[in-house]
Amino acid sequence: MKIAILYPPITRNNEFPLLTQNRQFKFSNSLQVRIYPVVMSYLATLLKNNGHQVLYLDGINSRMSPALFEASVLKFKPDFAVMETKAPMVRAHWEYIGLLKEKLEETNFILIGDHVSFYPEESIRNSKADYVIRGSDYDLIITDLIEHLSTKKGSMPAGVYTREGNTGPEKLYDLNQLPVIDRELTRWDLYGEAYLYHPVAYIMTGRGCGGSNSNKNFTSNKETTEKYGTRMPGLCTFCIWQYAYYRCSARLMSPKKVVDEIENLIVRYKVKEIFDDNESGAVWNIGWLKDFYEEMKRRDLLNKVILSSNARADSLTDETCQMLKKLNYRLLKIGVESGNDKTLQRLKKDETVEEIREGIKRAKQYGLIAMLTTMVGYPWEDEEDTARTFRFTKEIMLYKTHFGDSLQSSIIVPYPGTPLYKEALKNKWFIMDPEDYDKFDMAHQILKSSIDSAKWCKKLWRIHLHPVFLLRSFLTLRKWQDIKLAFRGLISLLGHLRDYEK
Ligand code: SF4
């Protein structure tokens with residue numbers, strides 16, 4: 001079979017969509033946010049390993065012209081074409097599939113993504129897509145689907161929607177059956193973000209947010225539960241992947257499997273830094289981290305590469321921070337969301353402002369770099385609440401500032417299907433048609449708010465320009481690599497400030 005994995009370069013006002021493995025979507029001019037689509041890359045690798053011919057074409061991050069992109073697809077004449085979508089792009093993708101289908105009548109189009117995981121039938125109804133796949137494990141589901149269709153053996157896997165019906169809720173697969181990713185096939189060199197040392201590569205230690213240390217019971221996959229115990233998963237009401245993809249569970253791959261991937265990246269590609277783009281990394285699980293450490297040590301890989309990860313602040317105990325340092329973790333991307341307990345409770349963050357403060361400060365004391373993510377524009381927050389978030393963020397940014405500390409700020413987006421979207425519908429918070437998906441692109445105010453969200457976002461981004469922050473960052477610059485990172489960071493910051501001037 002010939003299978004194409006497609007990210008068409010559909011632009012809006014000459015800006016490209018931040019689509020590949022992005023939880024938060026917007027159109028941007030910036031080349032500084034190019035996140036490697038790990039799950040799509042597993043799919044490409046699985047298909048190639050099964051003997052299929054694979055065309056991996058990321059027209060967005062390679063900045064390919066629409067004409068060249070289309071010509072490449074037409075020349076390849078795929079039997080199957082797989083496309084990832086999100087709410088603000090879904091209508092454009094329906095249209096694009098329609099256009100391609102006129103020229104490629106025999107091609108079967110497969111849509112995946114968080115939006116279609118919530119609403120698979122909508123895309124079957126409104127587009128020429130032949131298959132819609134639900135859930136996070138679309139790599140394994142599509143592999144099984146294509147095996148079934150090409151060999152006519154077995155049955156269609158769960159989680160597949162077609163015009164004839166569907167095969168029911170998707171199952172969560174054992175992630176240890178995944179291969180080492182074919183990085184060349186999937187153009188790993190195209191990707192990276194401003195705040196990471198280059199060459200950088202992305203991995204996922206698992207799928208789903210392991211959540212807080214509340215130790216409430218939840219159902220995870222059997223192997224993880226047996227080995228590492230149970231705890232409360234992440235349940236934040238805005239967290240689209242945790243709901244659309246993972247059904248609020250968390251699975252980790254075995255440390256051995258993760259180290260196989262890391263070893264390949266060090267030996268073959270000589271990467272400087274590896275970013276774990278799993279929801280809260282594996283940082284939430286100290287038992288896993290200890291096994292990971294032993295495996296890295298056994299293979300003599302400790303200190304051969306810098307590791308960075310997403311993380312929750314309440315996971316950052318002394319023991320975890322010590323272990324992260326031993327493993328050569330550098331940067332943690334940590335969700336602050338708000339400086340108000342009432343907001344954190346309402347979002348089901350399962351952390352208090354104090355816990356977030358303590359966790360991040362502790363990590364900084366251990367020399368870990370903190371990248372904070374904050375949001376503004378919650379319908380229930382007023383000017384004073386937002387000012388509190390600003391003061392809180394500034395306090396943490398100025399605490400033991402080290403070069404690399406940074407923040408991201410965005411306007412809250414209640415993506416369709418999330419609990420926050422349902423809450424917004426119930427409380428009539430939308431100031432536009434809630435089914436006008438194109439507007440969920442961060443360029444539009446979509447929820448009622450008593451504050452000027454763009455102004456506050458910009459104010460938060462500008463903390464990077466605070467004299468104390470700048471001075472301490474400068475004084476802790478250590479290497480030539482840091483200067484290159486600082487330069488990329490500055491360009492990225494200017495881009496973000498421009499985004500809020502529109
Ligand atoms: S802690 Fe982060 S990853 Fe986990 S559910 Fe909340 S937003 Fe999602």
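The exercises below, each with a worked solution, concern a predicted model.

**Exercise 1. Domains and their contact**

Determine how the chain is divided into domains, and describe the side of domain 1 that touches domain 2.

Solution. Begin with the bounds: domain 1 covers residues 2-177, while domain 2 covers residues 195-499. Next, take the separation of the two, for which the C-alpha centres of domain 1 and domain 2 are found to lie 26 Å apart. Then turn to the contact itself, in which 28 residues of domain 1 meet 34 residues of domain 2. On the side of domain 1 that touches domain 2, at least two residues come from each of β3 (27-28), α3 (87-103) and α4 (114-118). Finally, sort that side of domain 1 by class, which gives 12 nonpolar, 11 polar and five charged residues.

**Exercise 2. The pair α9 and α10**

Work out how helix α9 and helix α10 are oriented to each other, and which residues make their contact.

Solution. The axes of α9 (residues 255-269) and α10 (residues 286-298) come within 9 Å and cross at roughly 45°. Because this angle is neither under 35 degrees nor within 65 to 115, the two helices α9 and α10 are oblique to each other. The handedness of the crossing of α9 and α10 is right-handed. From α9 the contact draws on P255, K256, V258 and V259, and from α10 on W288, D291, F292, E295 and M296. Classified by type, the residues of this contact of α9 with α10 comprise six nonpolar and three charged, with no polar ones.

**Exercise 3. The pair α14 and α16**

Decide whether α14 and α16 are roughly parallel or oblique, and classify the residues where they meet.

Solution. Helix α14 (residues 383-398) and helix α16 (residues 453-461) have axes that come within 10 Å and cross at roughly 10°. Since angles under 35 degrees count as roughly parallel, α14 and α16 are roughly parallel to each other. In the contact, T386, F390 and T393 of α14 meet W456, K459 and L460 of α16. Sorting the residues of the contact of α14 with α16 gives three nonpolar, two polar and one charged.

**Exercise 4. The shell around the ligand**

Identify the residues around the ligand, and divide them by class.

Solution. First list the shell, in which the ligand is surrounded by C209, G234, C236, C239, Q242, E279, S280, R312 and G335. Then divide the residues of the shell by class, which yields three nonpolar, four polar and two charged.

Key. Residues are numbered from 1 along each chain as its sequence is written. This is a predicted model: local features need pLDDT of at least 70, side-chain atom pairs count only at pLDDT 80 or more; totals for chains, interfaces and linings use all residues. Axes are lines fitted to C-alpha atoms, for helices over the stretch in contact, and angles run from 0 to 180 degrees between N-to-C directions. Helices (H or I, at least four residues) and strands (E, at least two) are DSSP runs, numbered from the N terminus. Angles under 35 degrees count as roughly parallel, over 145 as roughly antiparallel, 65 to 115 as roughly perpendicular and the rest as oblique. A crossing is left-handed if the near helix is turned anticlockwise from the far one by less than a right angle, and right-handed if clockwise. Two residues are in contact if their C-beta atoms, placed from the backbone, lie within 7 Å. Ala, Val, Leu, Ile, Met, Phe, Trp, Tyr, Cys and Pro count as nonpolar, Asp, Glu, Lys and Arg as charged, and the others, Gly among them, as polar. Domain bounds come from an automatic or database domain assignment.
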